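Here are a few exercises to work through with the model open beside you. Try each task before you read its solution.

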Amino acid sequence: MKSDEIKKIEAYLRRKFNLPAIKLQARPRKDDSAEVYIGDEFIGVVFRDDEDDELSWSFQMAILEMDLEEDAD
């Protein structure tokens with residue numbers, strides 16, 4: 001993904017989640033996605049989809065069971 005596209009999506013996610021700490025970073029050797037961080041913690045990936053002449057992005061975040069256990073304490 002290009003830097004201007006990454007900045008637009010980053011601004012959207014910050015507004016949508018009301019979370020200024022969200023950052024997007026280009027992925028090495030990948031041009032169809034960007035990594036998503038909250039502060040220094042990696043939380044997921046945004047994928048670009050431009051098939052069928054319709055552009056969209058998909059945010060994928062995995063939640064590990066051990067992450068849930070940390071929050072329960």
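**Exercise 1: A residue and its core**

Task: find which residues Ile6 touches, not counting residues up to four places away in sequence.

Solution: Start from Ile6 and list its contacts (heavy atoms within 4.5 Å). Ile6 touches Met1, Leu24, Gln25, Ala26 and Ala34.

Before going on, a note on the source: this is a predicted model, where local features need pLDDT of at least 70 and side-chain atom pairs count only at pLDDT 80 or more, while totals for chains, interfaces and linings use all residues. Residues are numbered from 1 along each chain as its sequence is written, and side-chain values use heavy atoms, leaving out hydrogens and water.

Next, widen the view to the largest nonpolar core (buried Ala, Val, Leu, Ile, Met, Phe, Trp, Tyr and Cys residues joined through side-chain atoms within 4.5 Å; buried means under 20% relative accessible area, exposed over 50%, partly exposed in between, with a 1.4 Å probe and protein chains only). This core has 10 residues, among them Met1, Ile6, Leu24 and Ala34. Helix H1 (3-17) and strands S1 (22-26), S2 (33-38) and S3 (41-49) each supply at least two of them. H1 gives the largest share, 3 residues. Helices (H or I, at least four residues) and strands (E, at least two) are DSSP runs, numbered from the N terminus.

**Exercise 2: A hairpin**

Task: work out in which sense S1 and S2 pair.

Solution: Two strands pair if DSSP finds at least two bridges between them. S1 and S2 have 5 bridges, in the antiparallel sense. One step further, take Gln25: its bridge partner in S2 is Glu35. Finally, look at the turn: 6 residues lie between the strands of this hairpin, and Arg29 there has a positive phi of about 65°.

**Exercise 3: Glu41**

Task: decide whether Glu41 is buried or exposed.

Solution: First locate Glu41, which lies in strand S3. With a relative accessible area of 52%, Glu41 is exposed. Then compare positions: the C-alpha atoms of Glu41 and Lys30 are separated by 20 Å, with the two residues 11 apart along the chain.

**Exercise 4: The whole protein**

Task: find how many helices and strands the protein has, and in what order they run.

Solution: Count 2 helices and 4 strands. From the N terminus on, the order is α-β-β-β-β-α. Then check the extent: the C-alpha trace spans about 45 × 25 × 25 Å along its principal axes. Last, of the 73 residues, 23% count as buried.
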